[in-house]
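Trainee: I would like to go through this structure with you and understand the reasons behind the labels. Shall we start with the charged residues and then turn to the pockets?

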Amino acid sequence: MSHPPLLTPEEKLADAKKLLCLPRIVVICGSTRFMTEMNEADLRETKAGRIVVKPGCDMKSPHELWSDPVEAEALKVRLDDLHRAKIRLADEVLVVGDYIGDSTRAEIAYARSLGKPLRFTHPEVDPDT
């Protein structure tokens with residue numbers, strides 16, 4: 001007796017999104033120096049009927065939550081892990097800004113390794129073109 005192949009976690013997630021009739025989920029990536037542009041992209045994507053996830057902390061701006069350098073470094077690691085989870089959750093990636101630093105370059109490579117479609121507000125900065 002033959003059994004159907006087991007679904008991967010990614011396939012199960014895609015099926016669950018379809019069953020729940022969820023709109024397309026877009027994750028915004030980019031340097032936090034572009035937080036204003038990310039907020040604008042969030043508005044436009046939301047208006048277009050998409051669910052948007054993006055960085056929630058701009059650690060380049062002073063804040064008591066990351067004022068201690070040791071705690072700030074640990075927080076950055078956790079936030080990087082959280083953002084990779086947002087990339088896994090999303091159906092596509094929108095890269096915002098006219099500059100790609102090391103962190104964003106790593107996020108783009110990660111998204112591509114997962115087969116996620118990418119869009120760029122500034123296509124000329126795509127590291128693979």
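Mentor: Gladly. Let us begin with a cut-off: buried means under 20% relative accessible area, exposed means over 50%, and partly exposed is what lies in between. Keep in mind that this is a predicted model.

Trainee: Why is Arg50 called partly exposed?

Mentor: The relative accessibility of Arg50 is 27%. Partly exposed covers values between under 20% and over 50%, so Arg50 counts as partly exposed.

Trainee: And what makes Glu45 buried?

Mentor: Glu45 has a relative accessible area of 6%. Buried means under 20%, so Glu45 is buried.

Trainee: How do you know that Glu45 and Arg50 form a salt bridge?

Mentor: Their side chains meet at 2.9 Å, N to O. The cut-off is a Lys or Arg side-chain nitrogen within 4 Å of an Asp or Glu carboxyl oxygen, so the pair of Glu45 and Arg50 counts as a salt bridge.

Trainee: Which salt bridge does Glu45 make with Arg119, and at what distance?

Mentor: The side chains of Glu45 and Arg119 meet with N to O at 2.8 Å. Glu45 belongs to helix H2 and Arg119 to strand E4 (residues 118–120), so this pair ties together parts that are 74 residues apart in sequence. Arg119 has 30% relative accessibility and therefore counts as partly exposed. Through shared partners, salt bridges join Arg24, Glu45, Arg50, Glu92 and Arg119 into one network.

Trainee: How many salt bridges does the structure hold?

Mentor: There are eleven. One of them pairs Asp42 with Lys54, where the closest N and O atoms are 3.1 Å apart. Asp42 sits in helix H2 (residues 35–47), while Lys54 is in the loop between strand E2 (51–53) and helix H3 (69–89), so parts twelve residues apart in sequence are tied together.

Trainee: Is Asp42 buried or exposed?

Mentor: Asp42 has 18% relative accessibility. The cut-off for buried is under 20%, so Asp42 counts as buried.

Trainee: What makes Lys86 a residue without a salt bridge?

Mentor: The nearest side chain of opposite charge, Glu107, is 9.3 Å away from Lys86. A salt bridge needs the two atoms within 4 Å, so Lys86 has none, although Lys86 is buried. Lys86 has its place in helix H3. Leaving aside residues up to four places away in sequence, Lys86 touches Val27, Val53, Lys54, Pro55 and Gly56.

Trainee: Now the pockets. What lines the largest pocket?

Mentor: The largest pocket has a volume of about 470 Å³. Its lining has 19 residues, and Thr32, Cys57, Lys76, Asp80 and Ser103 are the closest to its centre. Helix H3 gives the largest share, six residues. H3 and helix H4 (102–113) each supply at least two residues of this lining. By type, the lining divides into five nonpolar, eight polar and six charged residues.

Trainee: Which residues lie nearest the centre of the second largest pocket?

Mentor: They are Glu10, Ala14, Lys17, Ala90 and Lys116, out of 16 lining residues. The second largest pocket holds about 330 Å³ of space. Helix H1 (residues 9–19) provides the largest share of its lining, six residues. That lining divides into eight nonpolar, one polar and seven charged residues.

Definitions and conventions
Residues are numbered from 1 along each chain as its sequence is written. This is a predicted model: local features need pLDDT of at least 70, side-chain atom pairs count only at pLDDT 80 or more; totals for chains, interfaces and linings use all residues. Side-chain values use heavy atoms; hydrogens and water are left out. Helices (H or I, at least four residues) and strands (E, at least two) are DSSP runs, numbered from the N terminus. Buried means under 20% relative accessible area, exposed over 50%, partly exposed in between (1.4 Å probe, protein chains only). Lys and Arg count as positive and Asp and Glu as negative; His and the chain ends are not counted. Contact means heavy atoms within 4.5 Å. On a 1 Å grid over the protein atoms alone, a cavity is a set of points where a 1.4 Å probe fits but cannot get out, and a pocket is an open set with protein on both sides within 12 Å along at least five of seven lines; lining residues have an atom within 4 Å of a point. Grid points are joined across faces, edges and corners, and a volume is the space filled by probe spheres set on the points. Ala, Val, Leu, Ile, Met, Phe, Trp, Tyr, Cys and Pro count as nonpolar, Asp, Glu, Lys and Arg as charged, and the others, Gly among them, as polar.
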